[in-house]
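The following note is offered to a colleague who is meeting this structure for the first time. Please read the numbered points with the sequence and the model at hand.

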Amino acid sequence: MASEPQGGLTEYIRHHLTHLKPPHVSEGGFWSVHVDSVTVSLVLGVLFCLWFWLLARKATAGVPSKGQAFVEIVLEFVDGQVKDVFHGDRRFLGPLALTVFVWVFLMNAMDLLPVDLLPWATEKFGLSHFRSVPTADVNMTFAMSITVLLLVIFYSFKAKGLGGYMHELFTAPFGKWFAPFNFALNLVELLSKPVSLSMRLFGNMYAGELVFMLIAGLFSAGSWLLYGMGIIGYTVWGIFHILIISIQAFIFMVLTIVYISMAHDHH
Amino acid sequence: MELVAHIAQVQGFTAIALGLIIGFGALGACIGIGIMGSKFLEAAARQPELVPLLQGRMFLLAGLIDAAFLIGVALAMYFAVANPLLSSLSAAAGH
């Protein structure tokens with residue numbers, strides 16, 4: 001925190017809640033892209049793909065290496081979850097679930113880095129604001145959940161056809177005499193899915209990040225007692241947070257599978 | 001001086017709201033987790049062979065129950081750190 005602007009805890013946290021944006025764009029305009037979220041998520045996505053791809057290429061039927069065993073465990077875990085929920089062709093849903101799970105987990109895991117590590121590193125290059133957790137950015141989680149919504153709509157059309165899906169939208173659950181009411185109900189159901197999916201992940205990660213920042217504020221409080229409490233608090237919350245980030249990645253994956261397999265069900 | 005009083009009023013009400021958000025959220029989440037945990041332990045005691053199956057679902061539900069509370073906490077923390085309700089006040093004061 002030595003490099004932080006002076007102004008107390010509030011200023012420290014506000015500084016850490018500011019996204020890195022491209023210079024010379026209007027605040028809140030279309031091009032005020034959150035460069036930090038996009039960069040970190042893309043880097044993690046590429047790392048995940050490279051890591052799994054390299055190990056899958058070297059896979060042997062004999063005694064597996066530790067890395068291959070790990071990849072197999074993750075793959076079989078995700079595939080088992082998909083198999084439990086979705087009975088059909090898993091060639092698309094399996095890889096999608098694996099991507100969602102590992103990617104969201106890696107993005108959440110950025111929360112376990114010390115809150116000041118990446119901002120401190122980027123400050124050396126002259127970038128003063130940097131938020132390292134992409135899933136604590138509401139744009140990132142909504143981007144993922146809206147993608148899931150588009151997939152749900154696509155698979156609804158694919159599984160039931162245009163006529164079948166329209167029939168379901170207008171006649172379930174109360175029959176054809178309540179068509180406008182049914183449609184409104186189904187629309188709310190459809191739209192509430194991405195909102196709850198993304199707000200759940202965002203809320204968890206944002207609250208976790210803020211608690212880390214509040215604890216980190218203790219380090220500069222100026223007393224050794226508070227410093228020690230900060231270290232203990234950071235450790236305890238960090239250990240608890242390992243549970244939270246895994247559960248949230250797991251929930252995001254399971255709900256993605258459930259929503260897409262629900263799109264395949266006929267009423 | 002009047003402005004300070006207004007700011008103090010907004011901050012005071014915000015502080016009460018934060019307490020309510022976190023308190024009631026925690027109450028609901030804890031009752032939910034408690035009910036689910038007790039049912040899980042009962043089920044595990046009756047049929048220990050189902051524990052691996054139930055455990056995964058318990059964690060899933062624990063995350064779902066916690067989510068609304070944590071969204072509330074995130075919102076409350078946001079209001080505690082950067083209160084957007086004050087911005088209209090400072091705008092009205094001409095800052």
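**Notes on a helix pair, chain B and the contact between chains**

1. In this predicted model, helix α3(A) passes α4(A) in a right-handed crossing. The two helices concerned span residues 66-85 and residues 93-109 of chain A, respectively. Their axes come within 9 Å and cross at roughly 120 degrees. Angles from 65 to 115 degrees count as roughly perpendicular and those over 145 as roughly antiparallel; α3(A) and α4(A) are therefore oblique to each other.

2. Which residues make this contact? On the side of α3(A) they are Val74(A), Leu75(A), Val78(A), Asp79(A), Gln81(A) and Val82(A). Helix α4(A) contributes Leu93(A), Gly94(A), Ala97(A), Leu98(A), Phe101(A) and Val102(A). By class, the residues of the contact between α3(A) and α4(A) comprise nine nonpolar, two polar and one charged.

3. Chain B has a secondary structure of three helices and zero strands. Read from the N terminus, the order of its elements is α-α-α.

4. The overall dimensions of chain B deserve attention. Its radius of gyration is 21 Å, whereas a compact globule of 95 residues would have one near 12 Å. Along the principal axes, the C-alpha atoms of chain B fill a box of roughly 70 × 15 × 10 Å.

5. An unreviewed UniProt entry carries the annotation "transmembrane region" for residues 12-37 and 58-81 of chain B. How much of each stretch is helix in the model? Over residues 12-37 of chain B, the chain is 100% helix and 0% strand, with the end C-alpha atoms 37 Å apart. Over residues 58-81 of chain B, the values are 100% helix and 0% strand, and the end C-alpha atoms are 34 Å apart. The annotation itself comes from the UniProt record; the helix content of residues 12-37 and of residues 58-81 is computed from the model.

6. The last point concerns the contact between the two chains. Here 15 residues of chain A are in contact with 13 residues of chain B. On the chain A side, α1 (8-16), α7 (179-218) and α8 (224-264) each supply at least two residues. Which of the helices gives the largest share of that side? It is α7(A), with seven residues. The side of chain A that touches chain B has nine nonpolar, four polar and two charged residues.

Definitions and conventions. Residues are numbered from 1 along each chain as its sequence is written. Chains are lettered from A and ligands numbered from 1 in the order in which they are written. This is a predicted model: local features need pLDDT of at least 70, side-chain atom pairs count only at pLDDT 80 or more; totals for chains, interfaces and linings use all residues. Axes are lines fitted to C-alpha atoms, for helices over the stretch in contact, and angles run from 0 to 180 degrees between N-to-C directions. Helices (H or I, at least four residues) and strands (E, at least two) are DSSP runs, numbered from the N terminus. Angles under 35 degrees count as roughly parallel, over 145 as roughly antiparallel, 65 to 115 as roughly perpendicular and the rest as oblique. A crossing is left-handed if the near helix is turned anticlockwise from the far one by less than a right angle, and right-handed if clockwise. Two residues are in contact if their C-beta atoms, placed from the backbone, lie within 7 Å. Ala, Val, Leu, Ile, Met, Phe, Trp, Tyr, Cys and Pro count as nonpolar, Asp, Glu, Lys and Arg as charged, and the others, Gly among them, as polar. UniProt positions are given in the numbering used here, feature names are shortened, and annotations may be inferred rather than shown by experiment. The radius of gyration is taken over C-alpha atoms; the globule rule is 2.2 Å times the number of residues to the power 0.38.
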